[in-house]
Amino acid sequence: MAGGIEHWPAFCRDCLGDARADGACPACGSTRILAHPELDSLSIAHMDCDAFYAAIEKRDDPSLNGKPLIVGGEVRGVVSTACYIARTYGVRSAMPMFQARKLCPQAVVLKPRHAHYSAVARQIRGLMQDLTPLVEPLSLDEAYLDLSGTDRIHHKSPARTMAALALRIEREIGITVSIGLSGNKFLAKLASELDKPRGFAVIGMAEARSFLRDKPVGMIRGAGKVLVAKLERDGFTTIGALQAADARDLAQRYGATGLWLHRIANAQDSRPVDPDGEMKTISAETTFARDLSDYAELEAILWRQAERVSARAKAKDLAGRTVVLKLKTADFRLRTRSTSLDSPTQLADRIFRTARAALKREADGTRFRLLGVGLSGLTPGTSADPGSLIDPQSDRRAAAERAMDKIRSKFGGEAVGKGRSFKKERPLKK
């Protein structure tokens with residue numbers, strides 16, 4: 001925008017009045033001024049509650065204010081949330097509790113109150129839905145919002161609407177939030193992580209490619225550890241390296257994943273804000289009529305569950321980077337085994353073969369009452385199942401499966417199947 005920073009659109013985050021980008025608020029004196037050349041034109045927001053569980057506990061018990069607080073220890077003895085004071089000691093979510101206590105021995109430790117947190121989350125969700133019906137929850141404490149066109153309803157820009165929401169949450173709920181604003185979901189999520197806590201950051205579309213250029217490839221949401229390690233081995237350590245690469249070369253190297261990487265690196269994300277929420281997993285499971293320990297029987301049931309998961313993934317045009325095997329023993333002990341893939345999949349054959357490797361290790365004579373399989377780390381289906389240079393047979397199996405899918409879509413779901421599909425599956429327990 002011509003004329004310099006002093007002419008950028010700007011407003012005060014504390015009173016929502018007009019302000020100059022290069023000064024304090026003329027109305028209330030606050031220095032929390034939000035300014036950006038594209039401030040009045042961006043409409044995709046990501047909102048994240050700051051240290052949600054810990055913030056609620058401190059709100060409910062003011063004696064905890066000023067103290068390091070850790071919420072967790074309920075499941076496998078790990079940290080659910082650490083307040084920002086505890087984080088200065090190195091405590092992080094998902095850290096083993098013994099390690100967190102060692103880093104911050106003076107911390108107050110509380111067990112989570114999940115029902116209470118869910119009730120607060122519903123209050124916040126209601127405030128968001130007062131602004132737009134296009135709210136996509138990601139978890140209890142974060143969501144995307146699409147505020148396109150809402151300026152005609154609320155008589156202010158999406159940026160001011162989100163700033164007003166943050167103030168309302170502080171006033172009515174008693175916790176703080178951080179907000180990211182941009183032109184798509186990928187950039188809005190990144191922006192919300194730039195200014196925490198009680199922050200509001202903007203990434204404009206004009207600056208997006210230059211903003212991303214020096215960032216590590218691990219910053220790309222949906223790029224798992226295996227893919228990031230592979231990219232780094234191939235010389236793609238920064239997002240800028242992906243920007244500079246030819247899309248055809250990335251496609252040759254990584255298949256559909258390469259094309260997806262090229263789009264994201266160039267700040268292109270066409271995913272809409274979906275009010276139904278971002279699906280986290282796709283799974284299928286069955287409880288047996290009697291406990292089973294025979295590997296052949298378990299393998300046959302695993303195939304049917306893999307087919308079901310595959311069908312659901314294909315129907316939703318999604319793929320998963322992690323295959324999860326779920327088993328419940330006769331004495332109701334749950335076993336889950338996860339395997340990360342080099343690239344996302346939606347193919348029944350690949351889901352089955354991956355989960356089968358885990359099943360072989362678990363089927364040691366133990367009696368099981370339930371078996372399930374699932375996909376997590378979901379990504380758009382366009383990134384699914386690139387060709388394999390290591391296992392050419394997998395390409396042939398994939399082609400055969402897709403051919404069967406076409407026949408099924410034309411003649412019905414039972415028109416054709418692999419031999420293992422016809423093994424008898426035991427009925428469910430009622």
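Axes here are lines fitted to C-alpha atoms, for helices over the stretch in contact, and angles run from 0 to 180 degrees between N-to-C directions. You're working with a predicted model, where local features need pLDDT of at least 70, side-chain atom pairs count only at pLDDT 80 or more, and totals for chains, interfaces and linings use all residues. Residues are numbered from 1 along each chain as its sequence is written, and side-chain values use heavy atoms, with hydrogens and water left out.

**Exercise 1.** Find the order of the three-stranded open sheet, then place helix α1 on it.

*Solution.* Start with the vocabulary: helices (H or I, at least four residues) and strands (E, at least two) are DSSP runs, numbered from the N terminus. Two strands pair if DSSP finds at least two bridges between them.
- Step 1: the order is β5-β4-β6, and the pairing is mixed.
- Step 2: β5 (79–82) and β6 (108–110) pair on one side only, making them the edge strands.
- Step 3: β4 (residues 69–72) runs parallel to β6, with three bridges between them; Leu-69 has Val-108 as its bridge partner.
- Step 4: α1 (residues 52–60) lies across β4, β5 and β6, at about 115 degrees to β4.

**Exercise 2.** Work out which strands pair with β3, and whether its residues are buried or exposed.

*Solution.* Buried means under 20% relative accessible area, exposed over 50%, partly exposed in between (1.4 Å probe, protein chains only).
- Step 1: six of the six residues in β3 (residues 44–49) are buried.
- Step 2: Ile-44, His-46 and Asp-48 point one way, while Ala-45, Met-47 and Cys-49 point the other.
- Step 3: β8 (residues 142–146) pairs with β3 in the antiparallel sense over five bridges, and Met-47 is partnered with Ala-143 there.
- Step 4: β9 (residues 177–182) is also antiparallel to β3, joined by six bridges; here Cys-49 stands opposite Val-177.

**Exercise 3.** Look down helix α9 and say where its buried residues sit.

*Solution.*
- Step 1: pick out the buried residues of α9 (residues 225–233), which are Leu-227, Val-228 and Leu-231.
- Step 2: take the directions from the helix axis to the C-beta atoms, since the arc is theirs. The buried residues fall within an arc of 100 degrees, so they line one face of α9.
- Step 3: check the other side, where Lys-225 and Arg-233 are exposed.
- Step 4: the buried residues pack against several elements, including α10 (239–244) and β12 (318–329). Contact means heavy atoms within 4.5 Å.
- Step 5: just past α9, Gly-235 has a positive phi of about 95 degrees.
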